[in-house]
Each structure stands twice: as structure tokens, then as C-alpha cells.
Amino acid sequence: MNNRTKNFARIIVILLSAIFIYYGAARGEGKVVLDKAVNICLECIGLG
């Protein structure tokens with residue numbers, strides 16, 4: 001692969017990442033992930 005192809009692939013991956021992050025944020029997935037993370041942490045510590 002030459003540099004041009006690698007750069008194009010990098011740009012596509014970055015754009016797709018940004019699109020999926022925006023889509024998840026628009027659906028409110030951030031709150032869901034945070035809630036699950038808090039529950040897992042509380043279970044591991046033994047407080048929940």
C-alpha cells in the first residue's frame with residue numbers, strides 16, 4: 001500500500017468513527033454506558 005491509500009483509509013476510519021460516536025450520543029447511549037459502568041463498579045467493590 002502506498003501513502004495515499006493509507007491516508008485515505010485513515011480518513012475513512014476517522015469519519016466513520018465520528019459518525020458512530022454522534023449516532024450513539026444522539027440516541028442517549030452515553031447514559032446507558034455510564035449506568036452500566038457504575039453498576040459494574042459497585043458490584044465489584046461490593047457496595048451494591
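How many helices and strands does the secondary structure of the chain come to? The count is two helices and zero strands. Please keep in mind as you read that this is a predicted model.

## The chain as a whole

Let us start with the overall outline. The C-alpha atoms of the chain fill a box of roughly 55 × 25 × 5 Å along the principal axes. The chain has 48 residues, and buried ones make up 2% of them. Its exposed area is about 4,600 Å², with 68% of that supplied by carbon and sulfur atoms. To get a feeling for distances along the chain, take Met-1 and Cys-41: these two are 40 residues apart in sequence, and their C-alpha atoms are 44 Å apart in space.

## Helix H1 and its nonpolar patch

Helix H1 covers residues 3-26, which gives it 24 residues. From its first C-alpha to its last, H1 reaches 35 Å, close to the 34 Å expected at 1.5 Å a residue. Is this helix buried or in the open? Of its 24 residues, the number buried is one, so H1 lies largely in the open.

A nonpolar surface patch of about 720 Å² is worth finding in the viewer. The patch is made by Phe-8, Ile-11, Ile-12, Leu-15, Leu-16, Ile-19 and Phe-20. One of these residues, Ile-19, has its place in helix H1. With a relative accessibility of 51%, Ile-19 counts as exposed, because the cut-off for that word is over 50%. As background, an α-helix has 3.6 residues a turn, so residues three or four places apart point the same way.

Just after H1 comes Gly-28, which takes a positive phi of about 80°.

## Helix H2 and the salt bridges

Helix H2 runs over residues 29-45 and has 17 residues. Its reach from first C-alpha to last is 24 Å, close to the 24 Å expected at 1.5 Å a residue. Following H2 is Gly-46, whose phi is positive as well, near 95°.

How many salt bridges does the structure hold? There are two, and the table shows the partners with the distance between their closest N and O atoms.

| Acidic partner | Basic partner | Closest N and O atoms |
|---|---|---|
| Glu-29 | Arg-27 | 3.5 Å |
| Asp-35 | Lys-31 | 2.9 Å |

Side chains of opposite charge can pair when their charged atoms come close. In the pair of Glu-29 and Arg-27, Glu-29 is partly exposed, with a relative accessible area of 31%, while Arg-27 is exposed, at 54%. The other pair belongs to helix H2: Asp-35 and Lys-31 both lie there, four residues apart, about one turn of the helix. Asp-35 is partly exposed, with a relative accessible area of 36%, and Lys-31 counts as exposed at 56%.

## Two cysteines without a bond

How many disulfides does a search of the whole structure find? The search finds zero. Cys-41, for its part, is in no disulfide, and the nearest cysteine sulfur, that of Cys-44, is 6.5 Å away. Why is there no bond between Cys-44 and Cys-41? Their sulfur atoms are 6.5 Å apart, which is too far for a bond, because a disulfide needs the two sulfur atoms within 2.5 Å.

Where does Cys-41 sit? Its place is in helix H2. As for accessibility, Cys-41 counts as partly exposed at 45%, whereas Cys-44 counts as exposed at 68%.

How values were computed. Residues are numbered from 1 along each chain as its sequence is written. This is a predicted model: local features need pLDDT of at least 70, side-chain atom pairs count only at pLDDT 80 or more; totals for chains, interfaces and linings use all residues. Side-chain values use heavy atoms; hydrogens and water are left out. The expected span of a helix is 1.5 Å times one less than its number of residues. Buried means under 20% relative accessible area, exposed over 50%, partly exposed in between (1.4 Å probe, protein chains only). A salt bridge is a side-chain nitrogen of Lys or Arg within 4 Å of a carboxyl oxygen of Asp or Glu. Patches are made of residues with over 30% relative accessible area and no salt bridge: like charges are joined within 9 Å, nonpolar side chains (Val, Leu, Ile, Met, Phe, Trp, Tyr) within 5 Å. Accessible areas come from the Shrake-Rupley method with a 1.4 Å probe; for residues, only the protein chains shown count as cover.
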